[in-house]
Each structure stands twice: as C-alpha cells, then as structure tokens.
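Please study the sequence together with the three-dimensional model shown here. The explanation after it is intended for a reader new to this structure.

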Amino acid sequence: MDISEKFKIKIFHMYGDKGLDWLDALPALLDEFTQCWSLTLKPPFEPFSYNYVLPAVTRDGRDVVLKTGFPDPELLTEIYALRHYAGQGSVQILESNPGNQIMLLERVKPGDVLLDLDDDDAMTLIAARVMQQLWKPIDPTDHFPASSTWMRTLDNIWPGSSPITQPLVEAAQRLKAALLKSETKTVLLHGDLHHWNILSAQRQPWLAVDPKGIVGDPVFDVGALLRNPVNRMLIMPDFKRSTLRRLDILAEVLGFERQRMLSWSFVQAILAAHWSYEINGDGWDAFAHAAQVFFDLLLD
C-alpha cells in the first residue's frame, strides 16, 4: 500500500506524532478489514482530505468504497449518521466498525459532484431536495452532537485571534445565541451539505456523502450551500444577486424564512473563516467575503 508524502504531511500537520503513529498502523488495519469483508483493494482516491478513502471490490464483484481516518469524533458520527439515513438521500453504509472508525460504503456512480452541473438554479434545487430526504427525527438518546456544541468555538474568537473584523464576530455571536434560543424543531442534519458532498448516482439521482451528523434546526443545513463553492465566491461577478436567487428557490421548496436562512449562513460563514485561518492560515478571506455579503443582506 502506497501512502503519498502529501497525505503524510497533511496528517502530521493536523495530528502531529499521533498522526504518524496512526499512519504506521494503517496498513495492518486495512489488511484486517480487507480480509474481514472479503475485499480486493484498488489504488486510493486522490487528493485526500484527512481521511484515507479507496475503491474496492467485494467477493461477489460489487464495487464499494473503503473509508477510514485518524480517530476523530466526526468520523464516528458519520458512521452513525449513515446508519440512521439507511440510504435515503445518502450513500449506503454496508459495513462498519466504529471502534476502528472504518466503514464500507456503496460506490456511487457516475459520482459526478453537483458543482459539475454549472447551473446554479438547478444545483440549488437539487440540494434542497436532498436535504428534505435527510432531515429525519432523531431519538434523544442517540449520541449525536448538537449544533450548539459545534458553534461554541464562535464564542472563543477574541480580538487579535482572527483577521475577521471584531464587529462581524460580535454580530455573529449575538445572532448565534438568538438562533439557538428560537429553535422549534430539531432533526439529524448533514452539517456540511455543499456542492462537493452531493454526487450523481443511479439508485437515486443524487446522493449525499460525508455527513457530519449533528442535531439542530433544519435551517442550519442551508449555510454550507450558501457559502459555497468557496473557490469561486471571490470571482463571481455578483455573489449578492446569486445569493438572493438561491434564497428564492430555497424559500419556495423548503418553506424557510429568508432572514433565518441568511442569519444561519452568516454565523456559519464567520466560523468557517475562523477555522480556515486557524487550521490553514489562508483561504479564510472567501468565507469572510460571503459573511459580509450575508450581513449586508440582513441589514437591507
């Protein structure tokens, strides 16, 4: 098994020596579950995020995907979320071992990302319909984190810790508190449903992948869609106008209030900018740009 130097560097940057220990143990882990699930492995998908994902074939010839990663609560909740969705609106989880944070998934084909459509109205409509399939009631005894837990980092952004202007940070902190206080319905959310996490498929036209698995207000899930595609936002000729058009479509399909969608999107964009700066040191400006647009629209 070949582990690229880029992946090793990324894992070390994120997790330090513990990450290198995990990489050393990775071949044995893959070998164990290759035998356990009777798989033939193929070269891994590239580029990686922070997970190791590779195609495989089962004994009966079915194309599947094997996914694992450095032990992390988000990978664990992804397993439980996919179990909960049971293939409705999402990729199916075929096998899993939460203790080792490894899972076997159906191979989504053709697997083109939603962004490839290059038609913003169509992409927004498809994303909204996928969201509706995913928002299922959750048993209070299930151990998924709440959106309020996710948003705690926002309260810890102090002057000088981030390049984001302090007035915007303070506005996001106030709005976050108001949004959480006014929640009337909570469901299991994807948590990161943007244009790269919705893939074309055969079993259903479009399926979500890589859920974070958090519990909260359904409107929360709109935020990731509105602030993406992040690599295009700074060069879009009129991001404000496209945002308004997206809000029109989402309000019609989902029945959400435009102000609440904008509010959650603004709050999350501030948090995404801070995380991007904190983890990568760059890339935060596109999220901050989106946050400023959302904030200006809230004031209009």
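The following paragraphs proceed from the whole chain to one sheet, then to one residue and a pair of helices.

This is a predicted model, in which local features need pLDDT of at least 70 and side-chain atom pairs count only at pLDDT 80 or more, while totals for chains, interfaces and linings use all residues. Residues are numbered from 1 along each chain as its sequence is written, and side-chain values use heavy atoms, with hydrogens and water left out.

The chain contains 11 helices and 9 strands (DSSP runs numbered from the N terminus, with H or I and at least four residues for a helix, and E and at least two for a strand). Its radius of gyration is 20 Å, close to the 19 Å that the globule rule gives for 300 residues, so the chain is as compact as a globular protein of that length. That radius is taken over C-alpha atoms, and the rule is 2.2 Å times the number of residues to the power 0.38. Along the principal axes, the C-alpha atoms fill a box of roughly 60 × 40 × 40 Å. Of the 300 residues, 51% are buried (under 20% relative accessible area, against over 50% for exposed and in between for partly exposed, with a 1.4 Å probe and protein chains only). Among contacts (heavy atoms within 4.5 Å) with a separation of 6 or more, 69% join residues 24 or more positions apart.

An open sheet of 5 strands has the order S1-S2-S3-S5-S4, with antiparallel pairing; two strands pair if DSSP finds at least two bridges between them. Strand S1 (39–41) and strand S4 (93–97) stand at the edges with a single partner strand each, so one side of each has no neighbour in the sheet. From one strand to the next, the twist averages 30° (axes are lines fitted to C-alpha atoms, for helices over the stretch in contact, and angles run from 0 to 180 degrees between N-to-C directions).

S1 and S2 are joined by 3 bridges, and Thr40 stands opposite Val57 in S2. Val57 in turn stands opposite Asp63 in S3. Strand S2 (residues 51–58) pairs with S3 over 7 bridges, where Pro55 has Val65 as its bridge partner. The hairpin of these two strands has 4 residues between them, and Gly61 there takes a positive phi near 90°. S3 also pairs with strand S5 (residues 102–106) over 5 bridges, and the partner of Val64 in S5 is Glu106.

In a regular strand the side chains alternate between the two faces of the sheet. In S2, both faces are covered: Asn51, Val53, Pro55 and Val57 on one side and Tyr52, Leu54, Ala56 and Thr58 on the other are all buried. In strand S3 (residues 63–69), 6 of the 7 residues are buried, so the strand is largely enclosed by the rest of the structure.

Asn51 belongs to strand S2 and counts as buried at 18% relative accessibility. Opposite Asn51 in S3 stands Gly69. Leaving aside neighbours within four places in sequence, Asn51 is in contact with Phe7, Lys67, Thr68, Gly69 and Leu75.

Finally, the axes of helix H9 (residues 239–254) and helix H11 (residues 284–299) come within 10 Å and cross at roughly 65°. The contact involves Phe239, Lys240, Thr243 and Leu244 of H9 and His289, Ala290, Val293, Phe294 and Leu297 of H11.
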